[in-house]
Amino acid sequence: MIHDSPPPPLEELNTESKSEGEEEDQRLLLISKSPLPLSTDTTPNNNCTSDDEDVAYESQEKIIIDGLDSYSDSADCNSTPPFSWKKLWLFTGPGFLMSIAFLDPGNLEGDLQAGAIAGYSLLWLLMWATGMGLLIQLLSARIGVATGKHLAELCREEYPKWAGLLLWFMAEIALIGADIQEVIGSAIAIQILSNGVLPIWVGVIITASDCFMFLLLENYGVRNLEAVFAVLISTMGLSFAWMFADAQPSGKELLIGLLVPKLSSRTIRQAVGVVGCVIMPHNVFLHSALVQSRKIDPKKKGRVQEAINYYTIESSAALLVSFMINLFVTTVFAKGFYGTKQADSIGLVNAGQYLEKKYGGGFMPVLYIWGIGLLAAGQSSTITGTYAGQFIMGGFLNLRLKKWLRALITRSCAIVPTMIVALVFNKSEASLDVLNEWLNVLQSIQIPFALIPLLTLVTKEEVMGVFKIGPTLERIAWSVAALVMVINGYLLLDFFVAEVNGFLFGFLAMTCTGAYLVFILYLINHGDCLPSILFSHLLNKGYAYIGK
């Protein structure tokens, strides 16, 4: 038989409740004074940043993805959720912003010159170069999603301070070079659309001012900003598709150009330009930050893999659109000017006049269609340049400033030199062509300083965890990077042989080249990446051979 014990007296209950209440008050007081976080979770989290660190997007700015389906409540966080069209739509955006670098005025000039001088023969190279660019951009997106940090932040953490500052300087130089081409391209479009009333220098000032509209656009949220870029890309697509339909290029020659590789000594420079324009150093940094605009829980491996999958689909679709636009431009100029006397003299400045002479007016004069497409390309690329500048400077220097102030500072660092150079060289078509050649060289020099850190970090388990790339993809990625760097090395050699004259200038160029190569070797040797391992293996074999 069970006997219930009598209840304690009321006075004891009051005494116990008071003591428990006092203990609870003291505990809360201690916690509130403690500098330690409330969470007791000791699991490493790459996405956790202190209040003193710069971040690509604040938490309230990110688009929430998790919680859209019943799968979100599943206990298995390591399995990837099933495909959803709704989620694909929510992930769509960063890839299209990234693709604008494939459509900037510098790329369009490369397209029109390739078409005019090489005809349809380099279309296969354009297709494969776009594929190589896609691989690099997917790796950039992967590192951003898996770590919760963008490439500039990771470089700051990975390399010594002096190397990080040098990488930042190189990235800024590349951004300024791209900016100059973009601003001048927009200025040329403004001159075309104003019937020559507004000279190029006025267009430069207008475009430089327009880029600060980004500050206003950013306040309306990520999706609205992405919608603006969608309009600009659609404008480019419709404009150049209209030109393509008017020109009526040969379908047979177009297919042969896509499927049959051809390369001659006469078109080698255009071929180098086609490949060199694909990898934009600032764009590699940009894409790793853009993907963080979606809120992904890094502790759920399935969610991270899901984001990588959706970004792969979205980026592939975006670069397919950019490839079609580049194809339209190349084939229009191939149909109109290949084999003519004007082929070697066509550039971005006079392309509109040549198009007008060749294809005439009509319901919508081709000159204005070209101007509209060029303006959309220039404006969109200057705004993405603003975006990239924020992430590059903020990541490398860890700037913790108000968004408008950070954008003003980072943009001024790029746009002020851009305006000065553009205004100084705005004297003739020949001077602008010389400027464009120097800018292409400038950006080619910077490519290793974006690719080597990216490929080094994306293969490190300490950085990527289970999302590091496998050995096969690593070999392919390094092969693509090596090919791009060798091609751009040829462009540099060709340029310096033609332009470097005199002992002093030659000595300076050789000294700078030596320092440049030493820094590249340092970056390769810094991490246990594939080239470093191969180099060590060859070195050991060499020592062993000498020992015999």
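Two residues are in contact when heavy atoms of theirs lie within 4.5 Å. The exercises below use this term for a predicted model.

**Exercise 1.** Work out what share of the contacts in the chain with a separation of 6 or more comes from residues 24 or more positions apart, and describe the chain as a whole.

*Solution.* Begin with the elements: the chain has 23 helices and 2 strands. Next, turn to the contacts with a separation of 6 or more, of which 85% are accounted for by residues 24 or more positions apart. Then consider burial, where 49% of the 548 residues count as buried. Finally, the accessible surface comes to about 26,300 Å², and 65% of that area belongs to carbon and sulfur atoms.

**Exercise 2.** Decide how helix H13 is oriented relative to helix H16, and describe the contact of H13 with H16.

*Solution.* Two packed helices are described by the angle between their axes and by the distance between those axes. For helix H13 (residues 281-290) and helix H16 (residues 366-397), the angle is about 80° and the axes are 9 Å apart. Angles of 65 to 115 degrees count as roughly perpendicular, and therefore H13 is roughly perpendicular to H16. On the side of H13, the contact is made by His-282, Phe-285, Leu-286, Ala-289 and Leu-290, while H16 contributes Thr-384, Tyr-387, Ala-388, Phe-391, Ile-392 and Phe-396. Sorted by class, this contact of H13 with H16 holds 9 nonpolar residues, 2 polar ones and no charged ones.

**Exercise 3.** Find which residues touch the most other members of the largest nonpolar core, and follow Phe-449 further.

*Solution.* The largest nonpolar core has 83 residues, and those touching the most other members are Leu-167, Ile-279, Phe-285, Phe-396 and Phe-449. Helix H5 (residues 123-147) gives the most to this core, with 14 residues. Taking Phe-449 and not counting residues up to four places away in sequence, one finds that Phe-449 touches Leu-167, Met-170, Phe-285, Tyr-516, Phe-519, Ile-520 and Leu-523. Apart from the largest core lies another, of 55 residues, among them Leu-175, Leu-286, Ile-325 and Val-366.

**Exercise 4.** Locate Ile-469 and determine whether Ile-469 is buried or exposed.

*Solution.* Ile-469 sits in the loop between helix H20 (461-464) and helix H21 (471-499). Buried means under 20% relative accessible area; Ile-469 has a value of 4%, and so Ile-469 is buried. Leaving aside neighbours within four places in sequence, Ile-469 is in contact with Leu-139, Arg-142, Val-458, Thr-459 and Glu-474. Of these partners, Val-458 is 11 residues from Ile-469 along the chain, and their C-alpha atoms are separated by 6.5 Å.

Key. Residues are numbered from 1 along each chain as its sequence is written. This is a predicted model: local features need pLDDT of at least 70, side-chain atom pairs count only at pLDDT 80 or more; totals for chains, interfaces and linings use all residues. Side-chain values use heavy atoms; hydrogens and water are left out. Helices (H or I, at least four residues) and strands (E, at least two) are DSSP runs, numbered from the N terminus. Buried means under 20% relative accessible area, exposed over 50%, partly exposed in between (1.4 Å probe, protein chains only). Accessible areas come from the Shrake-Rupley method with a 1.4 Å probe; for residues, only the protein chains shown count as cover. Axes are lines fitted to C-alpha atoms, for helices over the stretch in contact, and angles run from 0 to 180 degrees between N-to-C directions. Angles under 35 degrees count as roughly parallel, over 145 as roughly antiparallel, 65 to 115 as roughly perpendicular and the rest as oblique. Ala, Val, Leu, Ile, Met, Phe, Trp, Tyr, Cys and Pro count as nonpolar, Asp, Glu, Lys and Arg as charged, and the others, Gly among them, as polar. A nonpolar core is a set of buried Ala, Val, Leu, Ile, Met, Phe, Trp, Tyr and Cys residues joined through side-chain atoms within 4.5 Å.
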